[in-house]
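Biologist: Please put the model up. Then let us go through the sheet and the ligand site.

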Amino acid sequence: MSLKKTLTIAGSDTSGGAGIQADLKTFQEHGTYGMNALTVIVTMNPDGWSHGIHPIPVETLHSQLETAFSTGVDALKTGMLPTVEIIEMAGKAIADSGLKDVVIDPVMACKGEDEVLFPENVEAMIKHLLPNAKVVTPNLVEAGQLSGMGTLQTVEDLQAAAEKIHAHGAQFVVIKGGKQLKHEKAADLLFDGEKHYLLTAEKTETSYNHGAGCTFAAAITANIANGQSVKDAVLNAKIFVSAAIEHGWKLNEYVGPVMHGAANKFPKPAVDVVEL
Ligand code: PXL
C-alpha cells in the first residue's frame, strides 16, 4: 500500500506544539506520509520561555530539499523560514520542482508575540513564495503585513486584504481570524479569486492554542494531498483544528499546545460556511 507524500519546509519547535512537530503529527492523523526539510531550530529558555532562533545553513536546507523532492512529493507546506536567503532558496526549489499543491503558511512570529519577528522577510515572501502558492494561510498580523494594510479588525478588512494578497500570485487566500478578529465566532475567510467565504465555529475560551496555525495549514496540505478540493480541504482543516484547540492542554506554566489528534478521538465541532 502506498501513501500520499506530504512535505513540510519549516522550523523545529522544540516544545512540540508548532512547527514541523505540529505538521508531522497532523500529516499522520490524516493518513499521509510526512517528510520535513528543516529551516530553523527554535529553543525556549526554561526561565521565562523566551525564544532562541537558530537558522539551519542554507546549503543544508538545499540538500534536504533535493532528498525530499527526489521521492516525488504530492503536496507541501512551508512554515517558519527565518532569513531572506532561506526564503529565496525555498521559493526557487519549489518553483523548480514543478509541484502545484503548495500551501504557504507565512509565519512571521510565534503566537503571543504580536510584533513581526523578521520584518525584512515580508518582501521576500511576497516575491519568492506567494507566486508559488496554491493556498496562503496568513493570520491577522501576517495578512496585515502581506497586504500592506496594517491592522485588520473586521471581516470587511479581511476581504480587502485577501484581494491584495491574491494579486501577489496566491490562488487561494485563507485569513485566520483567530481571537483578535471582532466577530462573535471563531471566523476565517477563504477567497478563491472570485468569491469570499466565511467559515465559522464556536469560540473556545482557552489560551492553550499553541501550534493552531501550523496545524491548520498542515491539515489543508494533507487534505489536498488526499485529493480534496481546496474549499473542502480548508473546511475539513478548520474542523480538525477546532477540535485540536478545544482539547488544548497545559504543557507547563508557559505554553499550552493544541491536541493535534483530537478530531480523530472526540466528537467533531461544527463549522458553518457562508458565501459573502
Ligand atoms: O507558531 C509559529 C511557529 C512556527 N514554527 C516554529 C515555531 C513557532 C512558534 O513557536 O516555533 C518552529
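**Sheet and ligand site**

Modeller: In E2, Met-35 is the bridge partner of Leu-7. Helices (H or I, at least four residues) and strands (E, at least two) are DSSP runs, numbered from the N terminus. This is a predicted model: local features need pLDDT of at least 70, side-chain atom pairs count only at pLDDT 80 or more, and totals for chains, interfaces and linings use all residues. Residues are numbered from 1 along each chain as its sequence is written, and side-chain values use heavy atoms, with hydrogens and water left out.

Biologist: In which sense do E1 and E2 pair, parallel or antiparallel?

Modeller: Two strands pair if DSSP finds at least two bridges between them. E1 and strand E2 (residues 33-44) have eight bridges. Their sense is parallel.

Biologist: What is the hand of the crossover from E1 to E2?

Modeller: The chain leaves E1, passes through helix H1 (residues 19-29) and enters E2 as a β-α-β unit. A crossover is right-handed if, with the strands pointing away from the viewer, the path from the first strand over the helix to the second runs clockwise. This crossover is right-handed.

Biologist: Which residue in E4 is the bridge partner of Ile-9?

Modeller: E1 also pairs with strand E4 (residues 75-78), in the parallel sense, over four bridges. The partner of Ile-9 there is Thr-78.

Biologist: Which strands stand at the edges of the sheet?

Modeller: The open sheet has 10 strands with mixed pairing, in the order E3-E2-E1-E4-E5-E6-E7-E8-E9-E10. An edge strand here has a single partner strand, so one side is left without a neighbour in the sheet. The edges are E3 (51-55) and E10 (272-275).

Biologist: How much of the ligand's accessible area does the protein cover?

Modeller: The ligand is surrounded by 13 residues (a heavy atom within 4 Å). The closest are Gly-11, Asp-13, Gly-19, Cys-110 and His-210. On its own the ligand has 310 Å² of accessible area (Shrake-Rupley method, 1.4 Å probe; for residues, only the protein chains shown count as cover). The covered share is 95%.

Biologist: Which strand gives the largest share of the shell around the ligand?

Modeller: That strand contributes three residues. The strand is E1.

Biologist: Is His-210 buried or exposed?

Modeller: His-210 is in the loop between strand E9 (196-201) and helix H7 (212-225). Buried means under 20% relative accessible area, exposed over 50%, partly exposed in between (1.4 Å probe, protein chains only). The relative accessible area of His-210 is 11%, so His-210 is buried.
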